[in-house]
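Biologist: I'm new to this one. Could you show me how to read its surface?

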Amino acid sequence: MRWLLRHLGSWSDDWQVPSTSAIAQARARLGAEPLRELFRRAAVPVAGYGTKDAWLAGLRLMSIDGTGLDAADTEANVAAFGRMSTGPKASAFPKVHLVTLSECGTHAVVAAEVDGCRTGERTLAAGLLDALEPDMLLLADAGFYSWRLWHDAAATGAALVWRIGASVSLPLVRTLPDGSYLGLLFDPSVRTARRQVLLTAARAGQSVPGKQAQLVRAVEFTVPDRNPDGELVCLITTVLDAERASAAKLAAVYAERWEHESALDEIKTHLRGGGQVLRSKSPDMVEQEIYGLLLAHYGVRELMCHAADEAGHDPDRLSFVRSVRVVRRQVTDQAAFPP
């Protein structure tokens, strides 16, 4: 606080540094909304067209994923966020559910939704769709797939590459030269007889009602070392043109989704601290604290991307931990890391 006031030109020699209690009271008066709004305005994609491993076929690689955060064990936090499970198996701390949209090439988180642990990932992910742009390619794991979420995400104009589970019906329309195939994805409410009519129309090259079914391209591949028989992975995509992105490229780019796991680990382990509990005692301040962490992570990641671009390196080659240490050492230089 002393550093901040001095660099803002607001320090007077007869002032005293605010106490921890005073800062906490000021945080309570501020609330979560200003931090949430600051994050919404500041957190935008940072990869340039020259940023390595951030693009595919002119599309910015993005992903969605979620995680849980432990909050302070207070009655207010328990009421707002809940505990995982109940009875003797209940979690020791209230659990906050965080789902984020991040840029794969830079790990920059550009949108987030926060709620209690009883709110599902798909529900929270629906709140992220407004941040999608037509120049993006969104990656998602099978846990995020539902007809409604897929349909709404595709309606934004962004390209999609999502994994689906074996329970999703995807009848063949026709095979493609690169080994992928076109299939028809149905709204679960469509009955079997109607599905057959739609499938026949699609195979004849006719259009199908978008509210009932959607033509998608599927890519299947096996991961041999997951189990003795290998693990079959099925991806569906809105990129129907195999010449724009081959099956091999889509299978390879799906692995970039794991960069999101690394971004969440950076926030939970290296900024918050491994195994630490969010210190805020009320739900509003918990949310404020989370958006503070997201803003700090975004600031570091933006600096890392600019540094990597200037040196001609992939941002993934830079160490997040070392970058945080550099920022902490240089924080007295306002130009290096503006508040």
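**Reading the surface**

Modeller: Let's start with V17, which counts as partly exposed because its relative accessibility is 35%. Buried means under 20% relative accessible area, exposed over 50%, and partly exposed in between, using a 1.4 Å probe and protein chains only. This is a predicted model, where local features need pLDDT of at least 70, side-chain atom pairs count only at pLDDT 80 or more, and totals for chains, interfaces and linings use all residues. Residues are numbered from 1 along each chain as its sequence is written, and side-chain values use heavy atoms, with hydrogens and water left out.

Biologist: Where is V17 found?

Modeller: Helices (H or I, at least four residues) are DSSP runs, numbered from the N terminus. V17 sits in the loop between α1 (2-7) and α2 (20-30).

Biologist: Which residues form a nonpolar patch on the surface?

Modeller: Patches take residues with over 30% relative accessible area and no salt bridge, joining nonpolar side chains (Val, Leu, Ile, Met, Phe, Trp, Tyr) within 5 Å and like charges within 9 Å. A salt bridge is a side-chain nitrogen of Lys or Arg within 4 Å of a carboxyl oxygen of Asp or Glu. Here, V17 joins M1 and I23 in such a nonpolar patch.

Biologist: And which residues form a positive surface patch?

Modeller: R322, R325, R328 and R329 do. R329 lies in helix α11 (residues 320-330).

Biologist: Is R329 buried or exposed?

Modeller: R329 counts as exposed, because its relative accessibility is 58%. Across the protein chain, 45% of the 339 residues count as buried.

Notes:
Areas by Shrake-Rupley, 256 points an atom, 1.4 Å probe, with all protein chains shown as cover. Helix = DSSP H or I, 4+ residues; strand = E, 2+ residues; numbered from the N terminus. Lys, Arg positive; Asp, Glu negative; His and termini not counted. Charge placed at Lys NZ, Arg CZ, Asp CG, Glu CD.
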